[in-house]
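Work through the exercises below with the model open. Try each task before reading its solution.

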Amino acid sequence: MIILIGGEKGGVGKTTLAVNLAAMRNRVGHDVLLIDADKQASANLWASIRQEERRDTPVPCLQKRGTGLAADIRDLATRYEDVVIDAGGQDSVELRAAMTIAELALFPIQPSLFDAATLETLAELVAQAQAFNTELVAAVVINRASTHPRVKEAEEAKELIAEYRDLHLLDVVIRDRIIFRKAARNGLCVLEFQNHDPAAETELHALYREVFGDG
Ligand SMILES: Nc1ncnc2c1ncn2[C@@H]1O[C@H](COP(=O)(O)OP(=O)(O)OP(=O)(O)O)[C@@H](O)[C@H]1O
Ligand SMILES: [Mg+2]
């Protein structure tokens, strides 16, 4: 399966979710390739830290940029069970190219940062990509929602997203939890970090199931 994690906003958790999904997939024995298509190369940095920290379970990562990305990934996808692409934070050549070959485009959205214009742009991008890629499913996942019970931003975001028929909203809401930052800094996924955070793990398992199914 080719999964793209993208969007046109920076800092919403694309790399964080891409590396966690790739590492979780890898942990249960699937042959997964992470593609870093972002010039910041943070997924690649994570993978290289991981190479040192987890010599037994490295996650292969390739950096790919430019218009040749789609053809390269299509070829790589024949050699891996899953390809997870971190496409970076703007409307880029890489994002558009990846959307022509992905089966799932996952757009993380941060409730405190997002607005209707963000959704408008995403919906347009998806419509354009679906003209070429009829298999493409586009989904939005709420990330970094407040853990404070009185903050209702995630619920408000859900209501707005529900208005966009072509943007499927994932049920899981991922909340702002320090372990996401700590694990990523160490080349790990949240499940591997020494101090476990069961709430974060539950959220990631739910995300994993929505993305990959139960397999
Ligand atoms: N659920 C979360 N809880 C806490 N921190 C998070 C969470 N998701 C992401 N972060 C943190 O937010 C920051 C931005 O996340 P990340 O780098 O994954 O975003 P991005 O969308 O890839 O950014 P960019 O557009 O710069 O590539 C990082 O410091 C990351 O550790
Ligand atoms: Mg990133």
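**Exercise 1.** In this predicted model, determine how many residues of strand β2 (residues 32–36) are buried.

*Solution.* Step 1: apply the burial cut-off, 20 or more other C-beta atoms within 10 Å of the residue's own. Step 2: count along the strand. In β2, 5 of its 5 residues are buried, so by this criterion the strand is mostly covered.

**Exercise 2.** Sort the residues of β2 by the way they point.

*Solution.* Step 1: V32, L34 and D36 point one way. Step 2: L33 and I35 point the other way. Step 3: check burial for both sets. All are buried.

**Exercise 3.** Find the strands that pair with β2, and the partners of D36.

*Solution.* Step 1: take strand β4 (residues 82–86). It runs parallel to β2, and 5 bridges join the two. Here D36 stands opposite D86. Step 2: take strand β3 (residues 61–63). Its pairing with β2 is also parallel, over 3 bridges. On this side the bridge partner of D36 is Q63.

**Exercise 4.** Give the handedness of the unit made by β2, helix α2 (residues 42–53) and β3.

*Solution.* Step 1: follow the path from β2 over α2 to β3. Step 2: assign the hand. This β-α-β unit is right-handed.

**Exercise 5.** Describe the shell around ligand 1.

*Solution.* Step 1: list the nearest residues. Of the 20 around ligand 1, these are G10, G13, T15, T16 and G89. Step 2: locate the contributing elements. Those giving two or more residues are α1 (14–27), β6 (137–145) and α7 (178–185). Step 3: split the shell by class. It holds 10 polar, 6 charged and 4 nonpolar residues.

Terms used: Residues are numbered from 1 along each chain as its sequence is written. Chains are lettered from A and ligands numbered from 1 in the order in which they are written. This is a predicted model: local features need pLDDT of at least 70, side-chain atom pairs count only at pLDDT 80 or more; totals for chains, interfaces and linings use all residues. A residue is near a molecule or strand if its C-beta atom, placed from the backbone, lies within 6 Å of it. Helices (H or I, at least four residues) and strands (E, at least two) are DSSP runs, numbered from the N terminus. Ala, Val, Leu, Ile, Met, Phe, Trp, Tyr, Cys and Pro count as nonpolar, Asp, Glu, Lys and Arg as charged, and the others, Gly among them, as polar. A residue is buried if 20 or more other C-beta atoms lie within 10 Å of its own, exposed if 12 or fewer, and partly exposed in between; C-beta atoms are placed from the backbone. Two strands pair if DSSP finds at least two bridges between them. A crossover is right-handed if, with the strands pointing away from the viewer, the path from the first strand over the helix to the second runs clockwise.
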